[in-house]
Amino acid sequence: MFNQLLILISTIICLIFTFICGVEHLQRAGKKLSVFDSFYFCIVTFSTVGFGDVLPDIWPSKLLVVIMICVALVVLPIQFEELAYLWMERQKSGGDYSKQRTESERHVVLCVSSVKLDLLMDFLNEFYAHPRLQEYYVIILCPAEQDVAVRRVLRIPMWSHRVIYLQGSALKDQDLVRAKVDNAEACFILTCRCEEDRNAADYQTILRAWAVKDFAPSCTLFVQILKPENKFHVKFADHIVCEEEFKYAMLALNCICPATSTFITLLVHTSRGLEGQHSPEDWHRIYGKCSGNEVYSIVLKESIFFSEYEGKSFTYASFNAYNKFGICLIGVCPDNTKKNILLNPGPEHIMKPLDVCFYISLTKEENTCFKTQTGCRNSPKTQPPNCSTITSMGTVAIDLQEIRIPSSLGPSLSTETNMVPVLELPDSPLFQTANLFSDQSKCPCQPHTGDEETLDNVETELFFFSYVKGYPPDLPYIGSSSILCHLRKKKTPKCCMKLEKTCNHKDEDDDKAYGLKDKLIIVSAEATGNGLYNFILPLRASYRSENELCPIVLLLEQGPDAEFLETVCWFPMIYYFLGTIDSLDDLLRCGVSFAASMVVVDKESTMFAEEDYMADAKTIINVQTLFRLLSGLNIITELTHPANMRFMQFSAKDCHSLAFSKLEKKEREKGSNLSFIFRLPFAAGRVFSIGMLDTLLYQCFVKDYMITITRLLLGLENTPKSGFLCSMSITEEDLCIETYGRLYEMLSSTVGDIPIGIYRTESQTLEPPETPLSQMSDKVSVFEEGKDPEEQHQALHCELPDIQTHSLRRRSMQWASNLLGPWHAERDADRQQRGVLLSCSERLELTELVKKRMQNLGLSTHGFDKMNNNQSSHSYTLINPSPDTKLELNDIVYIIRKDPLSLELYDTDIKKSWRSDSQIRESNTKNHL
């Protein structure tokens, strides 16, 4: 306010000084006026009094007076209005939310250390996206003054009457009284993630949470924490989101279930599925529509969708609800207890009237057109038709599944001296993430029999059964999740965990990993921390089959802590390498040329910058360099700011990227909260920002189950009898299934799995997104006039890896040549050929550079050319697609697989019941005899 007052005073002084000097100078040609007379005339004129005793008598002076009056009428009211607004805001910030308003209105309180524009808009857009929250008020309690950007947004009429900004501290009771926290519906306490010391930011959040809980014990608390070790201090909060837990879990699952981060991000955002519906690209429309799917809940006896399946198995209800209504039943909460949410409890779970059903749909059941009356439900007019031509075979199969007796796996306890006691559970081939419809005898977990059994088969079998399952003996922090994992029978010596270091403890498995013969997962991080533990945990969970366990190499800039090594030494195939992502030699030594995935974690030391959006600069440049050197490597990156995703895999001359940028701007102008989803790296799951998950905490105000479901999907919790997220790939043998609906039917009726989405990869189309498809058929290149239509079609769809990235630009040049003549076409063709040659030469030069470095380091270059072959394609995620969606080759289907332990417990119960039944029958027979 002081600055605005200073600007106003300076403006008035400048106007008066200019007026006095101008009039006094110009009046020298007429009736001369002194400086005092000019000052008197200025004051009389600006005050609109106009005595008329002093007048200009020549036309230049009169023109100056007219100009100064116009300027004063325009400038001064604006300055006074701004000053008045600031005074009112200052009064409001120093005022309070009246108690009379709390009696008739409902409000929530947002406590933050500093309000950033992105954080504020994410909160407001997500909070007010729900229709029943339109009448709520948001009270922002912040110790800092509003910055210019926030002040500009809060002046918009849409927010000005809903949002009240109070300057104050949550640690002061008088400020909490001003915000009426004791009468608030909820209090959101957020942490500033851009602080240099993230622990210090957490400490401030913890104190705010304690202060609010002490002042208003009945207020519902939503707390955001950065570090997992600080989470137990706010365990009393109703809902907690730990940023590093979710971040590292999503990065880990992206390595085995592609684009898990994209899937979860879209699932926790509120959207109507209208993004991209006006785009000429087919995948934009279906991808944008499926992004509107969310998780909803309803009690079974109150539901139209699920009430008829009371007494039926869970998989039976899930498939039939999907077949009839197009919704995906993913879990239940037994008997409405709201304590244990079970994702896909399997056919062993029988649906009960009080069960809470959780399903994925574009809209919740209460907003659908179906009526609640029983008569309307059974009438033929309201009975919806089947969504696809799915036969009744699935229903019969599911009915048989309910009485099928699965084979027992026979769990046993194993304890050895000087070893951690673990539960030894052999893997079952029914629960592998490989192709479910292929020959199960080819599964590497099954022993091979016959005369053709080789030494490799024996080694593979011994390798897969060399681990045991149990709970990690050393937890890194208080409150860490206790999840059943694959563990070594003996912990790895710390000297053996360092890559490329020779020691006397190496066994055959270590030699395999040290030789880089397996597909690696490399994690580039600044230092070890508790977050990396949450990266390892989902990848070593017991429900993952042992043939999925890939070596994990931690590329660290700083040496690991002894406590961290003591924690992770029980997990199999965990190694570390001291180096940096900036060095090509370090990357090659740790096996990046043979890696399946490269995970780049944003460094904490670079999260703070004078210009906020520059915090990701170093990470972006490092990833861009790595992408240029190893274009075929699957690089998964985490950024601080979502807006910086547009710089990932940046290409200034890529027509497709430019078209997507325009599409994103259009979606943003329409008010979409998901305008960034069409960026190719995000759609493919290769980049995400943890800031996108802020909506998870906001959404819990309406859906209090979302945090638990997200943690179960990411493997951060392991509830007994609850399933887990995994994936399966569609091969040529599976294409006979044809549609996603039939796949849903077969999975649910045979193995009890629930599919929830598809990850699809398509070849890059030749036309940019904004070009109508009709124009493609009308335009023929002057260079292809002599060809047959079939040859032209083949020429357009030929896949040449070296020049396919330039096909879009070549096509546009050919269209221009039709308009500008043959000479222009020949010149553009020459330019295009030169550009392709330069690009090819640059790629070959980079490839040779990497090969030479590998040879100098003594590394094999076998298979490097195949890995570095960059195919022009794009990938995207479809959440709960329609049943008639055609399956394509190499589609990856997200499925929720039932817990293998629940099956074993189920088999044990059945065996017990068989024994008791047989004993009863034997005793009855003896008595009868």
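Which Phe, Tyr and Trp residues form one aromatic cluster together with Phe123? The cluster joins Phe123, Phe127, Tyr128, Tyr136, Trp159, Phe188, Phe222, Tyr698 and Phe701. The model is predicted. Its protein chain has 929 residues, and buried residues make up 52% of them. The secondary structure comes to 32 helices and 24 strands.

**Chain overview**

- Among contacts between residues at least 6 apart in sequence, 75% join residues at least 24 apart.
- The chain has an accessible surface of about 42,900 Å². Carbon and sulfur atoms account for 55% of that surface.

**Cysteines**

- The structure holds zero disulfides.
- For Cys255, the closest cysteine sulfur belongs to Cys550 and lies 8.9 Å away, which is too far for a bond. A disulfide would need the two sulfur atoms within 2.5 Å.
- Cys255 is buried, at a relative accessible area of 16%.
- Cys700 is also buried, with a value of 2%.

**Salt bridges**

- The structure contains 23 salt bridges.
- One of them pairs Glu244 with Lys227, at 3.3 Å from N to O. Glu244 sits in helix H10 (residues 243–256) and Lys227 in the loop between strand E5 (220–225) and strand E6 (239–242), so the bridge ties together parts that are 17 residues apart in sequence. Glu244 and Lys227 are both buried.
- Asp582 and Lys618 form another salt bridge, in which the closest N and O atoms are 3.9 Å apart. This pair links distant parts of the chain, 36 residues apart: Asp582 is in the loop between strand E17 (574–578) and helix H20 (584–589), while Lys618 is in helix H21 (residues 617–629). Asp582 is partly exposed at 42% relative accessibility, and Lys618 is partly exposed at 40%.
- Asp753 and Arg897 meet through their side chains in a salt bridge of 3.0 Å, N to O. The two residues are 144 apart in sequence, with Asp753 in the loop between helix H26 (740–750) and strand E22 (754–763) and Arg897 in strand E24 (residues 892–897). Asp753 is buried with a relative accessible area of 1%, and Arg897 is buried at 0%.
- Arg193, Arg198, Glu243 and Asp694 are joined into one network by salt bridges that share partners.

**Aromatic pairs**

- The whole structure has 32 aromatic pairs.
- The rings of Trp283 and Tyr876 are stacked, because their centres are 5.1 Å apart and their planes are at 25°, and planes under 30 degrees apart count as stacked. The pair links distant parts of the chain: Trp283 belongs to helix H12 (residues 282–290) and Tyr876 to strand E23 (residues 873–879), 593 residues apart. Trp283 is buried, with a relative accessible area of 3%, and Tyr876 is buried, with one of 2%.
- Phe305 and Phe325 form a tilted pair, with 4.5 Å from centre to centre and 40° between the planes. Phe305 is in the loop between strand E7 (294–299) and helix H13 (314–325), and Phe325 is in helix H13, 20 residues apart. Both Phe305 and Phe325 are buried.

**Helix H5 and Leu117**

- Leu117 belongs to helix H5, which covers residues 117–127.
- Leu117 is partly exposed, with a relative accessible area of 30%.
- Beyond its neighbours within four places in sequence, Leu117 is in contact with Ala149, Val150 and Val153.
- Leu117 and Arg152 are 35 residues apart in sequence, and their C-alpha atoms are 9.9 Å apart in space.

**Surface patch and helix H3**

- Trp59, Leu63, Ile67 and Val71 make up a nonpolar patch on the surface. Together these residues have about 410 Å² of accessible area.
- Val71 lies in helix H3, residues 59–93.
- Val71 counts as partly exposed, with a relative accessible area of 30%.

Terms used: Residues are numbered from 1 along each chain as its sequence is written. This is a predicted model: local features need pLDDT of at least 70, side-chain atom pairs count only at pLDDT 80 or more; totals for chains, interfaces and linings use all residues. Side-chain values use heavy atoms; hydrogens and water are left out. Buried means under 20% relative accessible area, exposed over 50%, partly exposed in between (1.4 Å probe, protein chains only). Helices (H or I, at least four residues) and strands (E, at least two) are DSSP runs, numbered from the N terminus. Contact means heavy atoms within 4.5 Å. Accessible areas come from the Shrake-Rupley method with a 1.4 Å probe; for residues, only the protein chains shown count as cover. Patches are made of residues with over 30% relative accessible area and no salt bridge: like charges are joined within 9 Å, nonpolar side chains (Val, Leu, Ile, Met, Phe, Trp, Tyr) within 5 Å. A salt bridge is a side-chain nitrogen of Lys or Arg within 4 Å of a carboxyl oxygen of Asp or Glu. Rings of Phe, Tyr and Trp (its six-membered ring) pair if their centres lie within 6.5 Å; planes under 30 degrees apart count as stacked, over 60 as edge-to-face and the rest as tilted.
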